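Got your viewer open and a hand on the mouse? Let's take a walk through this chain, one selection at a time.

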Amino acid sequence: MKHPLKESVGNALRRRVPMALYAFPGIDEPYCFFEAATVGTLNDDEHDFGFFYAPFINKGEAPRIIIPCDNTDSMSVDSVGDIRFPVSTEFGLYKEHVSAIAAHHMEQSGGKTVYARRISDPEAVVDWPSMAFDYFSAFPDTFRFMFATPDAGCWLGASPELLIRRDAGSSLLTTMALAGTLRDNTSEWDEKNIEEHDYVTRFILDVFASLGIEAAVSGAEDVRFGSIRHLCHRITAHYSGPIIPLLNALSPTPALSGSPRAEAIDMISLLEGHRSLYGGYVGVNSPSGIRAFVNLRSMNFNHKGGYCLYAGGGITSLSQPSDEWLETEAKSAVLRRCISAHTINPSSAYPNPAYETPS
């Protein structure tokens with residue numbers, strides 16, 4: 001796809017300067033692009049406007065924020081460097097870990113852990129600006145983002161999951177419980193998916209209640225992402241207090257970690273290792289308000305072209321490794337097809353989704 005901003009994005013990536021490109025759900029044009037003068041910290045008592053991000057495990061810290069610069073010639077920030085990517089998750093290891101997690105939750109008579117698979121090709125050479133605009137076009141109903149900073153590297157994603165929205169001058173909060181996945185349009189929601197979704201809804205309501213926030217929950221609906229469906233409840237409340245403690249209390253949600261959350265995070269750290277920003281949150285603070293989204297359907301990439309993308313699923317006592325693997329295939333399908341379409345030297349072991357259950 002040819003886009004008037006593509007050259008600007010490509011120039012920023014080549015010059016290795018901090019930058020951000022994003023588009024809000026339901027808005028095809030214009031995309032917002034800027035280069036950065038500052039990569040700092042977003043605090044509740046400041047009015048810095050820009051694109052912000054936080055890791056999967058943020059330890060209660062304020063998110064980092066990329067602040068626009070009108071005069072890029074005067075920038076004096078550290079350049080964005082390349083990073084080393086972890087290896088892809090092989091099915092044998094995936095099966096072993098998913099089976100262990102399912103057995104653990106069987107013993108505990110409940111619970112959920114979100115286990116994420118990595119799909120990595122450190123040697124690929126990809127036309128990232130072209131790939132980004134194609135990926136953006138594929139999911140107009142999501143929050144689409146591409147950014148680069150010295151500490152985070154380069155990231156690209158399309159998130160269907162709103163974490164928090166609050167418009168300027170308003171106390172109305174909006175969020176959603178988004179969990180459970182089906183790969184076709186005909187199946188009914190089963191016990192495993194309903195259980196997985198209910199964990200997330202209860203968690204959000206408990207966080208709100210702990211802060212004295214009374215919330216209202218809408219009826220269940222389906223949210224589509226490509227060929228898959230997620231179960232969703234939209235949640236609203238009134239709250240005019242500081243937003244960053246609330247963001248950090250909600251993130252990571254059980255949709256990206258599990259329940260009980262602390263136990264699930266410990267298991268993720270043990271079996272997966274470091275997730276970096278995947279499963280954390282990204283968003284925009286502007287004069288019109290603040291919007292944050294969960295960082296999913298995303299990937300980390302570098303200037304040489306290599307990448308690592310993440311695809312996860314909620315593991316409960318009812319989970320079967322082959323079914324969960326196929327779910328990660330479906331979740332990563334469009335992203336992998338976009339990568340393949342813009343790969344200059346296709347060295348990847350995962351050029352296209354196979355849609356096959358490994359033996």
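Helices and strands here are runs assigned by DSSP, numbered from the N terminus; a helix run has at least four residues and a strand run at least two. With that in hand, go to Phe49, which lies in the loop between strand 2 and strand 3 (50-54). One thing to keep in mind as you click around: this is a predicted model.

**Stop 1: Phe49 and its loop**

Is Phe49 buried, exposed or partly exposed? Its relative accessibility is 34%, so Phe49 counts as partly exposed. Show what Phe49 touches, skipping residues up to four places away in sequence, and you get Ile65, Ile66, Ile67, Pro68, Asn285, Ser286 and Pro287. Now put a ruler between the C-alpha atoms of Phe49 and Ile235: they are 26 Å apart in space and 186 residues apart in sequence.

**Stop 2: Ser288, on another loop**

Next, pick Ser288, in the loop between strand 14 and strand 15. The cut-off for exposed is over 50% relative accessible area, and Ser288 has 52%, so Ser288 is exposed. Which residues does Ser288 contact, leaving aside its neighbours within four places in sequence? Asp167 and Ala168. The C-alpha atoms of Ser288 and Ala168 are 5.1 Å apart, although 120 residues separate the two in sequence.

**Stop 3: into the core**

Time to go inside. In soluble globular proteins, nonpolar side chains tend to be buried together. Here the largest nonpolar core has 58 residues, and those with the most contacts inside it are Phe51, Tyr53, Phe143, Phe147, Phe208, Leu246 and Leu250. A second core, separate from that one, has 35 residues, including Ala148, Ile228, Leu309 and Ile339.

Select Phe51 and light up its contacts beyond four places in sequence: among them are Ala20, Tyr22, Phe34, Arg64, Phe143, Phe147 and Val284.

**Stop 4: rings, rings, rings**

Colour the aromatic residues. How many aromatic pairs are there? The count comes to 25. Try Tyr22 and Phe143: their ring centres are 6.2 Å apart and their planes meet at 35°, so this pair is tilted. Tyr22 belongs to strand 1 (residues 19-23) and Phe143 to strand 6 (residues 143-149), so the pair ties together parts that are 121 residues apart in sequence. Tyr22 is buried at 10% relative accessible area, and Phe143 is buried too, at 0%.

Compare that with Tyr31 and Phe133, whose centres are 5.8 Å apart with planes at 25°, so the pair is stacked. Tyr31 sits in the loop between strand 1 and strand 2 (32-41), while Phe133 is in helix 3 (residues 128-138), 102 residues away along the chain. Both Tyr31 and Phe133 are buried.

Back to Tyr22 for a moment: ring pairs link Tyr22, Phe24, Phe51, Tyr53, Phe143, Phe145, Phe147 and Phe293 into a cluster.

**Stop 5: charges over rings**

Zoom to Trp325, and you'll find the charged end of Arg117 over its ring, 3.7 Å from the centre. Then try Phe56, where the charged end of Arg275 sits over the ring, 4.5 Å from its centre.

**Stop 6: three helices**

Start with helix 2 (residues 91-107), where you can find His105. His105 has 1% relative accessibility, so it counts as buried. Not counting residues up to four places away in sequence, His105 touches Gly110, Gly111, Lys112, Thr113, Ser259, Glu263, Ile315, Thr316 and Ser317.

Now run along helix 4. Its 20 residues should span 28 Å at 1.5 Å a residue, and its end C-alpha atoms are 28 Å apart, which agrees. Buried residues in helix 4 include Tyr199, Phe203, Ile204 and Phe208. Just after helix 4, look for Gly212, with a positive phi of about 75°.

Finish with helix 5 (residues 243-250), where 6 of the 8 residues are buried. Those are Ile243, Ile244, Leu246, Leu247, Asn248 and Leu250. What covers them includes helix 4 (191-210), helix 6 (261-271), strand 8 (162-167) and strand 14 (281-286).

**Last stop: colour by confidence**

The chain averages a pLDDT of 88, and 92% of the residues score at least 70. Over residues 347-356, though, the pLDDT is below 50; beyond near neighbours in sequence, this stretch has 30 contacts in the model.

Note on methods. Residues are numbered from 1 along each chain as its sequence is written. This is a predicted model: local features need pLDDT of at least 70, side-chain atom pairs count only at pLDDT 80 or more; totals for chains, interfaces and linings use all residues. Side-chain values use heavy atoms; hydrogens and water are left out. pLDDT is the predictor's confidence in each residue, from 0 to 100. Contact means heavy atoms within 4.5 Å. A nonpolar core is a set of buried Ala, Val, Leu, Ile, Met, Phe, Trp, Tyr and Cys residues joined through side-chain atoms within 4.5 Å. Buried means under 20% relative accessible area, exposed over 50%, partly exposed in between (1.4 Å probe, protein chains only). Rings of Phe, Tyr and Trp (its six-membered ring) pair if their centres lie within 6.5 Å; planes under 30 degrees apart count as stacked, over 60 as edge-to-face and the rest as tilted. A charge sits over a ring if NZ of Lys or CZ of Arg is within 6 Å of the ring centre and within 35 degrees of the ring normal. The expected span of a helix is 1.5 Å times one less than its number of residues.
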